[in-house]
Amino acid sequence: MLDRRQVLAMLGTTALATLAPTALFAAASIKPDEASALLVIDVQNCFLPGGSLAVKEGEQVVPVINRIAKAFSNVVMTQDWHTPGHISFASVHSGKKPFETIDLPYGKQVLWPDHCVQGTDGAALSKDLSIPHAELIIRKGFHKDVDSYSAFLEADGKTSTGLAGYLRGRKIKRVFVAGLATDFCVAWTALDARKASFEVYVVEDACRGIDTQGSLAKAWADMAKAGVKRIQSAEIAVSA
Ligand code: VGL
Ligand code: ZN
């Protein structure tokens, strides 16, 4: 006869055996392969504390990105790279303030404080990024009259940055997007990556948003509708 203690012990073992595999392995179940690339979007001084367009908690993405980058053999970084007097700057539109919008030939444009001017310290990548194996830095937004949130296509919707061609040339099929800001450059990059037929993951805790006029909720809704997968950094397998 089994006594009560033995029965409980057996149940405990069974319960553990049932739960353990999920608990141990489901957490880090995504393994980036040779056909995967991490896109690190705009982790630049202007978007970090003290910067001219600082994103709340923006600095918190850096250690997360440094950690997951180790799981990728392909890492591409981007830099927002504007001319002085860029059309996206509120300062060049008289009577306009940052975060207001205007209509431009290519559509609605949010106006920003001056930021990420070519060659300035604000446009430099964070010195705390530690991804020596990053293989490409793509600069965007360098045409004075056109903005470019997306790392793939400028805001006119037709001028290519060349990134899709690069990734296809390297036989990349899957992109993981991280960085700043979730609701602008990260989201537009993820959406254009879907349009270019890549499988797309956005690593939520490796991003932070600006969130102006409902932009963050809209970005997540648009991304979900486009088939972008929303994941957490803990789901990516990173070996020690
Ligand atoms: C960005 C606003 C203006 C971004 C760039 O990196 O998300 N946002 N320029
Ligand atoms: Zn910009």
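**Note on the predicted model: a helix, a zinc site and a ligand pocket**

1. Helix H5 is followed by Gly227, a residue whose phi is positive, near 85°. The model discussed here is a predicted one, and this helix is a convenient place to begin reading it.

2. Helix H5 spans residues 215-225, and its buried residues include Ser215, Ala219, Trp220 and Met223. Viewed down the helix axis, the buried residues of H5 fall within an arc of 135°, so they line one face of the helix. Ala217, Lys218, Ala224 and Lys225, on the other side of H5, are exposed. The cover over the buried residues of H5 includes helix H4 (182-195) together with the strands E7 (199-208) and E8 (229-231).

3. As to the chain as a whole, five helices and eight strands are assigned. Read from the N terminus, the order of these elements is α-β-α-β-β-β-β-α-β-α-β-α-β. The chain has 240 residues, of which 48% count as buried. Among contacts between residues at least 6 apart in sequence, 76% join residues at least 24 apart.

4. The zinc ion (ligand 2) has Asp80 (OD), His82 (NE2) and His115 (NE2) as its protein donors, at 2.0 to 2.2 Å. Along the chain these donors follow the spacing D-x1-H-x32-H. His82 belongs to the loop between strand E2 (75-80) and strand E3 (101-104), and His115 to the loop between strand E4 (107-110) and strand E5 (136-140), so the two histidines tie together parts that are 33 residues apart in sequence.

5. Are the two histidines at the zinc ion buried or exposed? His82 counts as buried because its relative accessibility is 0%. His115 is also buried, with a relative accessible area of 4%.

6. The geometry of the zinc site deserves attention. Angles among the four donor atoms of the zinc ion (ligand 2) run from 88 to 172°, and the site is irregular. A tetrahedral assignment would need all angles to lie between 85 and 135 degrees.

7. Ligand 1 is surrounded by residues that include Asp42, Phe47, Leu53, Trp112, Tyr149, Leu180, Phe184 and Ile210. Asp80 and His115 are also among the residues around ligand 1, and both are donors of the zinc ion (ligand 2).

8. Which atoms of ligand 1 lie 2.9 or 3.0 Å from polar atoms of the protein? A nitrogen atom of ligand 1 lies 3.0 Å from a polar side-chain atom of Asp80. An oxygen atom of ligand 1 is 2.9 Å from a polar backbone atom of Ala181, and a backbone N or O atom of Cys185 lies 3.0 Å from an oxygen atom of this ligand.

Notes: Residues numbered from 1 in each chain as written. Chains lettered and ligands numbered in written order. Predicted model: local features only at pLDDT ≥ 70, side-chain atom pairs only at ≥ 80, totals over all residues. Heavy atoms only, no water. Donors = N, O, S within 2.8 Å, 3.2 Å for Na, K, Ca; no water. Tetrahedral: all angles 85-135°; square planar, octahedral: opposite > 155°, others 65-115°. Helix = DSSP H or I, 4+ residues; strand = E, 2+ residues; numbered from the N terminus. Buried < 20%, exposed > 50% of the residue type's maximum accessible area, 1.4 Å probe, protein only. Arc of directions from axis to C-beta. Contact = heavy atoms within 4.5 Å. Near = heavy atom within 4 Å. Polar contact = N/O pair within 3.5 Å; in protein donor to acceptor, adjacent residues only side chain to side chain.
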